[in-house]
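Dear colleague,

Please find below the structure that I am handing over to you. I should be grateful if you would read the notes that follow with the structure open beside them.

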Amino acid sequence: MSTEATTPTRVLVTGGAGFIGANFVHHIVNRYPNVDVVVLDALTYAGNRESLATVRSRIEFVVGDIGDAGLVDDLVRRVDAVVHFAAESHNDNSLADPRPFIDTNIVGTFTLLQAVRAHGVRYHHVSTDEVYGDLPLADPLRFTESTPYNPSGPYSATKAAGDMLVRAWTRSFGVRATISNCSNNYGPYQHVEKFIPRQITNLIDGIRPRLYGAGTNVRDWIHVEDHNRAVWRVLCAGSVGRTYLIGANGELDNRTVIAALLEEFGRAPDEFDQVTDRPGHDVRYAVDSSALRRELGWTPQYLDFRDGLRSTIRWYRDNEQWWRPDKVATEAAYRRNGETRL
């Protein structure tokens, strides 16, 4: 493994109109104005042009699929780094129809790896802690870079497959790649199908939040800004061939998150509805990010989950025009299918 201590000058961001990708683009454009940013996004339901409206004049935006080998090759040869965020990522959707997850998370990753291999371009692969499966509630251990992969569902299985392709292309073909596996993100520009924004927008609309089962499942929450600061740090200073885990020591069970949201909205702690748990629902995620902190000097800035949650609530209150169309469409789809998913 070798260390890359260089700042890219032209970066291709896949999935740059999605939740984490859009926040990453804002981070780079606003903090590193000398870095040119090219965004490639297929603008599926989870991608939104309006997420990049305030930086649109400062980036190159390309609508396209990461599985389009010709397009990907043309874009990759014009940059010196690729940060791969594009993914199908909603667990419930992967249970209903796994095929898009295969196409994007596996075939799309393969297509990108072939292009960076051909052009010798630095590559960073953004992944999830869900590839490791889950942990018992009473277990003090956390996921580390050496934890064996044990995905529970189609989403995490396809992300695990993508990770393995990156490792193989690094070892077999010398691709200059790094991987990061991050815990659950929250913050601005997150689609309303996801847990926290769905509950926030429900509460804004006066609708009771929904909770899977007893709400004992634990997630390790990190604000998206902290995640993206870590990704940039790994891209610029990480060791090629390494996997870095990104987490903010933010373990909370879902019931506690619901209670915090209700309190922020001035509602009683029992004003929520329980729905049937989903199949294969992971029990607990917990990430050990000590290697990232020790080796690359990264630390999270949102140390208090409630502070990050308040800022996220403010963002959704102030940006209803961004989420309202997706909210209407998402809830209508759930009603048509007779579903009460989160």
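The notes below set out what was found, taken topic by topic.

Please bear in mind throughout that this is a predicted model.

**The annotated domain**

The UniProt record, an unreviewed entry, places the feature "domain: NAD(P)-binding" at residues 12-310. Over residues 12-310, helix accounts for 39% of the chain and strand for 17%. The C-alpha atoms at the two ends of this stretch are 32 Å apart.

**Helix packing around α10**

Two packed helices are described by the angle between their axes and the distance between the axes. Helix α10 covers residues 305-318, and two of its packing partners may be described in this way.

The first partner to consider is helix α6, residues 195-204. The axes of α6 and α10 come within 10 Å and cross at roughly 55°. An angle counts as roughly parallel under 35 degrees and as roughly perpendicular from 65 to 115; α6 and α10 are therefore oblique to each other. Their crossing is right-handed.

The other partner is helix α8, residues 254-264. Here the axes of α8 and α10 are 11 Å apart, and the packing angle is about 55°. By the angle, α8 and α10 are therefore oblique to each other. The crossing of α8 past α10 is right-handed.

**Aromatic residues**

How many aromatic pairs does the model contain? The count comes to 17 aromatic pairs. One of them is formed by W315 and Y316, with 5.0 Å from centre to centre and 80° between the planes. Planes over 60 degrees apart count as edge-to-face, and the pair of W315 and Y316 is edge-to-face. Both W315 and Y316 are buried. Elsewhere, one aromatic cluster is made up of F24, Y32, F85 and W232.

Charged side chains also sit over aromatic rings. The charged end of R117 is placed over the ring of F173, 3.6 Å from the centre of that ring. In another such arrangement, R242 lies over the face of Y244, at 4.6 Å from the ring centre.

**Residues with positive phi**

Most residues other than glycine have a negative phi. Against that background, two residues deserve mention. L43 has a positive phi, near 50°, and is not a glycine. L43 belongs to the loop between β2 and β3 (60-63). Because its relative accessibility is 26%, L43 counts as partly exposed.

Y189 is not a glycine either, yet its phi is positive at about 70°. The loop between β7 (184-186) and α6 holds Y189. Is Y189 buried or exposed? With 14% relative accessibility, Y189 counts as buried, since the cut-off for buried is under 20%.

**Two buried positions in strand and helix**

L40 lies in strand β2, residues 36-41. Its relative accessibility is 1%, so L40 counts as buried. L40 and S156 are 116 residues apart along the chain, and their C-alpha atoms are separated by 23 Å.

V76 is located in helix α2, residues 69-76. At 0% relative accessibility, V76 counts as buried. From V76 to T170 the distance is 17 Å, C-alpha to C-alpha, and the two residues are 94 apart in sequence.

With kind regards

Conventions:
Residues are numbered from 1 along each chain as its sequence is written. Side-chain values use heavy atoms; hydrogens and water are left out. Rings of Phe, Tyr and Trp (its six-membered ring) pair if their centres lie within 6.5 Å; planes under 30 degrees apart count as stacked, over 60 as edge-to-face and the rest as tilted. Buried means under 20% relative accessible area, exposed over 50%, partly exposed in between (1.4 Å probe, protein chains only). A charge sits over a ring if NZ of Lys or CZ of Arg is within 6 Å of the ring centre and within 35 degrees of the ring normal. UniProt positions are given in the numbering used here, feature names are shortened, and annotations may be inferred rather than shown by experiment. Helices (H or I, at least four residues) and strands (E, at least two) are DSSP runs, numbered from the N terminus. Axes are lines fitted to C-alpha atoms, for helices over the stretch in contact, and angles run from 0 to 180 degrees between N-to-C directions. Angles under 35 degrees count as roughly parallel, over 145 as roughly antiparallel, 65 to 115 as roughly perpendicular and the rest as oblique. A crossing is left-handed if the near helix is turned anticlockwise from the far one by less than a right angle, and right-handed if clockwise.
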